[in-house]
Amino acid sequence: MKSDPLNDVINSIKMASRIGKNEIYLSPASVVIGRVLKVMQDYNYIKSFEVVDEERGGKFKVVLSDTINNCGVIKPRLSVKKSNIEKYEARYLPAQDFGIIILTTTKGIMSHLEARKYGIGGKLMAYVY
């Protein structure tokens with residue numbers, strides 16, 4: 001039994017990227033995972049994704065780009081104020097302005113850069129660089 005589907009998806013993307021695969025299929029398809037993939041696509045960490053095999057619960061077909069060095073989930077899902085985002089950026093990313101932290105906010109799932117632009121905090125979910 002899988003206890004954290006987001007962790008499974010992120011680890012599958014990381015492993016597929018390391019071995020040089022161009023596309024992978026990820027299950028289960030959920031709205032939260034879809035929004036995390038959309039943020040990754042917006043920052044060119046993946047080329048595209050789509051839902052396939054919907055009659056059996058759905059899977060994501062993800063086309064990878066060669067820009068992922070590392071990615072992972074952040075556990076526990078820490079709450080972060082807008083003034084503390086920089087502290088977690090230094091903890092999870094190797095350099096300033098290199099990579100993104102994905103977080104969930106009252107305005108939806110977005111990167112830490114967008115959250116800083118809106119002036120809001122949220123809960124940390126994952127990092128990608």
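Which side chain does D42 meet in a salt bridge? Keep that in mind; we'll get to it along the way. One thing before you click: this is a predicted model.

**Stop 1: the strands**

Start by selecting residues 59-64, which make up strand β3. Colour F60, V62 and L64 one way, as they form the covered face, then give K59, K61 and V63 another colour for the uncovered face.

Now add residues 23-26, strand β1. β1 and β3 run antiparallel, joined by 4 bridges. Look for E23 here: its bridge partner in β3 is V63.

Next, show residues 46-52, strand β2. This strand also pairs with β3 in the antiparallel sense, over 6 bridges. Click on S48 and you'll find it standing opposite V63. Then follow the hairpin from β2 to β3, where 6 residues sit between the strands. One of the residues to pick out in this hairpin is D53, with a positive phi near 60 degrees.

**Stop 2: across the strands**

Stay here and show the side chains of E23 and K61. They form a salt bridge, with the closest N and O atoms 3.9 Å apart. E23 belongs to β1 and K61 to β3, so this pair ties together parts that are 38 residues apart in sequence. E23 is partly exposed at 35% relative accessibility, and K61 is partly exposed too, at 21%.

Now for some rings. There are 4 aromatic pairs in the structure, and one of them is F49 with F60. Turn the view until you see the edge-to-face arrangement: the centres are 5.8 Å apart, with 70 degrees between the planes. F49 is in β2 and F60 in β3, so the pair links parts 11 residues apart in sequence. Is F60 buried or exposed? It's buried, at 2% relative accessibility, while F49 is partly exposed at 23%.

**Stop 3: more rings**

Select Y92, F98, Y127 and Y129, a cluster linked by ring pairs. Zoom in on F98 and Y129, a tilted pair at 6.1 Å centre to centre and 45 degrees between the planes. F98 is in the loop between α3 and β6, and Y129 in the segment after β8, so they tie together parts 31 residues apart in sequence. Y129 is buried at 18%, whereas F98 is partly exposed at 38%.

Then move to Y118. The charged end of K107 sits over its ring, 5.7 Å from the centre. The charged end of K117 sits over the Y118 ring as well, at 5.5 Å.

**Stop 4: charges**

The structure has 5 salt bridges. Pick R77 and D4, whose closest N and O atoms are 3.8 Å apart. They link distant parts of the chain, 73 residues apart: R77 is in the loop between β4 and β5, and D4 in the segment before α1. D4 is buried at 11%, and R77 is partly exposed at 29%. Add K75 to the selection to see a network of salt bridges linking D4, K75 and R77.

Back to the opening question: D42 meets K38, at 3.0 Å from N to O. These two are 4 residues apart in helix α2, which means about one helical turn separates them. Both are partly exposed, D42 at 44% and K38 at 41%.

**Last stop: a lysine without a partner**

Finish in helix α1, residues 5-19, and find K14. K14 is buried yet has no salt bridge. Where is the nearest side chain of opposite charge? That's D8, 11 Å away. Leaving aside residues up to four places away in sequence, K14 touches N70 and C71.

Technical notes
Residues numbered from 1 in each chain as written. Predicted model: local features only at pLDDT ≥ 70, side-chain atom pairs only at ≥ 80, totals over all residues. Heavy atoms only, no water. Buried < 20%, exposed > 50% of the residue type's maximum accessible area, 1.4 Å probe, protein only. Pairing = 2+ DSSP bridges. Phe/Tyr/Trp six-rings, centres within 6.5 Å; stacked < 30°, edge-to-face > 60°. Lys NZ or Arg CZ within 6 Å of the ring centre and 35° of its normal. Lys, Arg positive; Asp, Glu negative; His and termini not counted. Salt bridge = Lys/Arg side-chain N within 4 Å of Asp/Glu carboxyl O. Contact = heavy atoms within 4.5 Å.
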